[in-house]
Amino acid sequence: MVRPGRPRVRSAPVSTENHHRDAHSAPPALTPPPNALPPVRHPDAPAPGELLGSHYDDCFGCGGAQAHGLHLEARAGDGVTITAEFTVQAAHQGAPGLAHGGVLATALDETLGSLNWLLRVIAVTGRLETDFVRPVPVGTVLFLQAEIVAVAGRKIYSRAVGRIGGPEGPVAVRAQALFIEVKVEHFTDNGRPEEIRAAMADPDQIRRARAFEVNP
Ligand SMILES: CCCCCCCC(=O)SCCNC(=O)CCNC(=O)[C@H](O)C(C)(C)COP(=O)(O)OP(=O)(O)OC[C@H]1O[C@@H](n2cnc3c(N)ncnc32)[C@H](O)[C@@H]1OP(=O)(O)O
């Protein structure tokens, strides 16, 4: 039945331009400029294989205090790379029994964000482009791998994939991102005062610094 007063919309032809992009080509905003440099691992970065641990207990991506958070565990890799694991819980569903795409994008964002700790640079996500390649059922472990591709001034170019069925399994999601270096004032000037005050009052110096991902 057609409801009265409800216009019937015909869909316009959709450009297929992006559909055939291969995994390693990036759209213009995510392509490092010619003056970009390879990333440099900070000498005090966690050793390859070391768990990074949560940077902030209330972080939805990695914090232990978020009951329905992702509790993502990231580990430093060689060079400027990270591996991470996240188990999809019932609270993360979009369709019955399947992970919500936004939650998967969050897992990619968190993993990519962790990379900046290896540079010891504070940075926030400016742009995140995600390809959803395969559905991810509840109960699945998503095995993530991320790397920084290049750095140009404050701009950090990175990419990540998430595999299912094992660390070498088929790719379910992938992303390309641009993180922008910021000063700690980005958080202290913009965050809600209650949480900023609580984070700044933490007597543990390392935890206080890592809440804002600042060099301790
Ligand atoms: C372990 C930690 C895990 C954490 C994982 C989670 C990470 C996150 O989700 S962070 C939260 C989400 N992100 C945010 O809230 C950021 C909100 N955005 C902002 O605050 C600002 O737009 C910000 C800081 C990104 C950029 O603003 P500003 O500092 O004024 O920089 P601006 O001068 O506009 O841009 C700097 C450069 O980046 C480029 N740029 C900025 N945003 C974008 C974008 N979205 N796309 C492409 N390029 C961009 C600009 O073109 C500019 O390039 P150039 O230097 O070549 O001219």
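**Helix 1, the sheet and the ligand shell**

Helix 1 is mostly covered, with 15 of its 19 residues buried. The model is a predicted one, and this helix is a handy place to start reading it. From first C-alpha to last, helix 1 reaches 29 Å, close to the 27 Å expected at 1.5 Å a residue. Within helices in general, an α-helix has 3.6 residues a turn, so residues three or four places apart point the same way.

Not every residue of helix 1 goes along with the covered majority. Gly 101 lies in this helix, yet Gly 101 is only partly exposed rather than buried because 15 other C-beta atoms sit within 10 Å, where burial takes 20 or more. Setting aside neighbours within four places in sequence, Gly 101 makes contact with Gly 94 and Phe 132. Gly 101 also comes to 9.3 Å from Val 173, C-alpha to C-alpha, although 72 residues separate the two in sequence.

At its other end, helix 1 is followed by Arg 120. This residue sits in the loop between helix 1 and strand 3, and its phi is positive, about 60 degrees, even though it is not a glycine. As background, most residues other than glycine have a negative phi. Arg 120 counts as partly exposed because it has 16 C-beta neighbours inside 10 Å, fewer than the 20 that burial requires and above the limit of 12 for exposed residues.

Zooming out, the protein has 4 helices and 6 strands. Read from the N terminus, the elements run β-β-α-β-β-β-β-α-α-α. Of the 216 residues, 29% count as buried. Among contacts between residues at least 6 apart in sequence, 65% join residues at least 24 apart.

The strands form an open sheet of 6, in the order 1-2-4-5-6-3, with antiparallel pairing. Strand 1 (73-76) and strand 3 are the edge strands, each pairing on one side only. On average, and with direction ignored, neighbouring strands of the sheet are turned by 20 degrees against each other. In general terms, strands of a sheet pair through backbone hydrogen bonds, either parallel or antiparallel.

At one edge, strand 1 runs antiparallel to strand 2 (residues 81-87), and 4 bridges join the two. One bridge has Ala 74 partnered with Ala 84 in strand 2. Ala 74 also belongs, with Ala 76, to the covered face of strand 1, whereas Glu 73 and Arg 75 make up the uncovered one. The hairpin of strand 1 and strand 2 has 4 residues between the strands, and there Gly 79 takes a positive phi near 60 degrees.

Just ahead of this hairpin comes another backbone oddity. His 71 is placed in the segment before strand 1, and its phi is near 50 degrees, a positive value in a residue other than glycine. With 18 other C-beta atoms within 10 Å, His 71 is partly exposed.

Elsewhere in the sheet, the loop between strand 5 (155-163) and strand 6 holds Pro 167. Pro 167 counts as exposed because it has 11 C-beta neighbours inside 10 Å, and 12 or fewer is the mark of an exposed residue. Between Pro 167 and Val 141 there are 9.4 Å, C-alpha to C-alpha, for two residues 26 apart in sequence.

That leaves the ligand. A shell of 19 residues surrounds it, the closest being Gly 113, Val 124, Gly 126, Arg 127 and Ile 180. Helix 1 (101-119), strand 3 (123-132) and strand 6 (171-181) are the elements that give two or more residues to this shell. The largest share, 5 residues, comes from helix 1. By residue type, the shell divides into 6 nonpolar, 7 polar and 6 charged residues.

How values were computed
Residues are numbered from 1 along each chain as its sequence is written. This is a predicted model: local features need pLDDT of at least 70, side-chain atom pairs count only at pLDDT 80 or more; totals for chains, interfaces and linings use all residues. A residue is near a molecule or strand if its C-beta atom, placed from the backbone, lies within 6 Å of it. Ala, Val, Leu, Ile, Met, Phe, Trp, Tyr, Cys and Pro count as nonpolar, Asp, Glu, Lys and Arg as charged, and the others, Gly among them, as polar. Two strands pair if DSSP finds at least two bridges between them. Axes are lines fitted to C-alpha atoms, for helices over the stretch in contact, and angles run from 0 to 180 degrees between N-to-C directions. Two residues are in contact if their C-beta atoms, placed from the backbone, lie within 7 Å. The expected span of a helix is 1.5 Å times one less than its number of residues.
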